[in-house]
Amino acid sequence: MREFDRAVYRLVFQIPRGRVATYGQIAALLGYPRAARAVGAALKRCGPELPWHRVLNHGGGISLRANVAGMLTQRILLEREGIPLRRGRVDLKRHRWAGPRRRPKVTLPALEKI
DNA sequence: TCCGTGACACAAG
DNA sequence: CCTTGTGCCACGG
């Protein structure tokens with residue numbers, strides 16, 4: 001297992017139910033803004049425990065071109081968790097994952113007073 | 001090590 | 001809306 005693949009899986013695993021990300025977004029979040037294709041390649045090799053169906057192409061569509069069964073599967077998995085597809089696309093404006101939450105800084109005003 | 005292959009992205013026509 | 005062409009880069013043979 002390659003480091004890049006592990007990094008992809010680690011991140012994709014964090015995408016919550018009801019949210020989606022794009023291949024390019026995952027790549028960028030990992031620090032490889034031009035490795036979107038490599039993300040797709042990594043997901044092709046991932047196990048079923050990973051929420052791979054939450055990763056879409058730049059237009060919010062499903063990229064499993066030649067795999068009809070896979071496309072249907074991804075669509076079903078998405079709709080099952082409340083992500084609708086209109087004309088074959090997910091509304092990224094509405095469902096895009098914001099990315100992993102960095103640990104909040106602990107400089108709270110309340111603490112300053114103490 | 002080199003080379004072809006994409007579950008991509010983006011711009012142009 | 002297409003469709004094509006180009007850039008990209010990890011992976012596998």
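Colleague: I am new to this one, so let me start with a single residue: is Arg87 buried or exposed?
Modeller: Glad to help, and please keep in mind that this is a predicted model. The relative accessible area of Arg87 is 80%. A residue counts as exposed over 50%. Because its value is 80%, Arg87 is exposed.

Colleague: Where along the chain does Arg87 lie?
Modeller: Arg87 has a phi near 55 degrees, a positive value in a residue other than glycine. Most residues other than glycine have a negative phi. As for its place, Arg87 is found in the loop between helix 4 and helix 5 (92–95).

Colleague: Let us step back to the whole chain. Which pattern do the helices and strands of chain A follow along the sequence?
Modeller: Chain A has six helices and two strands. Its C-alpha trace spans about 60 × 35 × 25 Å along the principal axes. Read along the sequence, the pattern of chain A is α-β-α-α-β-α-α-α.

Colleague: What percentage of the residues of chain A count as buried?
Modeller: To count as buried, a residue needs a relative accessible area under 20%. Chain A has 114 residues, and the share of them that are buried is 35%.

Colleague: Which element gives the most residues to the largest nonpolar core?
Modeller: This core has 17 residues, and Val8, Val12, Ile26 and Leu43 touch the most other members. Helix 1, helix 2 and helix 3 each give two or more residues to the core. With four residues, the element that gives the most is helix 1.

Colleague: Now to the DNA. Which element gives the most residues to the surface near DNA strand B?
Modeller: DNA strand B is surrounded by 13 residues, and the closest are Tyr23, Gly24, Arg37, His58 and Ser63. Helix 2 (23–30) and helix 3 each supply at least two residues of this surface. By class, the surface divides into five nonpolar, six polar and two charged residues. The top contributor, with five residues, is helix 3.

Colleague: Which residue has a backbone N or O atom 3.0 Å from a base nitrogen of DNA strand B?
Modeller: Two side chains reach phosphate oxygens of this strand instead: an N or O atom of His58 is 2.5 Å from one, and for Ser63 the distance is 2.7 Å. A backbone atom at 3.0 Å from a base nitrogen belongs to Leu43.

Colleague: And for DNA strand C, what percentage of its atoms within 4 Å of the protein belong to sugar or phosphate?
Modeller: The residues around DNA strand C are Arg2, Phe4, Asp5, Tyr32, Arg34, Ala35, Arg37, Ala38 and Arg45. They divide into four nonpolar, no polar and five charged. Helix 1 (3–12) and helix 3 (36–44) each supply at least two of them. Of the strand atoms within 4 Å of the protein, the rest belong to bases, while the sugar or phosphate share is 79%.

Colleague: Which residue puts a polar side-chain atom 3.0 Å from a base oxygen of DNA strand C?
Modeller: Asp5 has a polar side-chain atom 2.8 Å from a phosphate oxygen of this strand. The side chain that lies 3.0 Å from a base oxygen is that of Arg37.

Colleague: Let us look at pockets. Which element gives the largest share of the lining of the largest pocket?
Modeller: The largest pocket holds about 660 Å³ of space. Of its 24 lining residues, the closest to the centre are Tyr23, Gly40, Ala41, Ser63 and Leu64. Helix 2, helix 3, strand 2 (55–56) and helix 4 (68–80) give two or more residues each. The largest share, six residues, comes from helix 3.

Colleague: What is the volume of the second largest pocket?
Modeller: Its lining is made up of Ala7, Arg10, Leu11, Gln14, Leu29, Leu30, Pro100, Arg101 and Arg102. By class these are five nonpolar, one polar and three charged residues. Helix 1 gives the most, with three residues. The volume of this second largest pocket is about 160 Å³.

Notes: Residues numbered from 1 in each chain as written. Chains lettered and ligands numbered in written order. Predicted model: local features only at pLDDT ≥ 70, side-chain atom pairs only at ≥ 80, totals over all residues. Heavy atoms only, no water. Near = heavy atom within 4 Å. Polar contact = N/O pair within 3.5 Å; in protein donor to acceptor, adjacent residues only side chain to side chain. Nonpolar A, V, L, I, M, F, W, Y, C, P; charged D, E, K, R; others polar. 1 Å grid on protein atoms, 1.4 Å probe; cavity = no way out; pocket = protein on both sides within 12 Å on 5 of 7 lines; lining within 4 Å. Points joined across faces, edges and corners; volume = space filled by probe spheres on them. Core = buried A, V, L, I, M, F, W, Y, C linked by side-chain atoms within 4.5 Å. Buried < 20%, exposed > 50% of the residue type's maximum accessible area, 1.4 Å probe, protein only.
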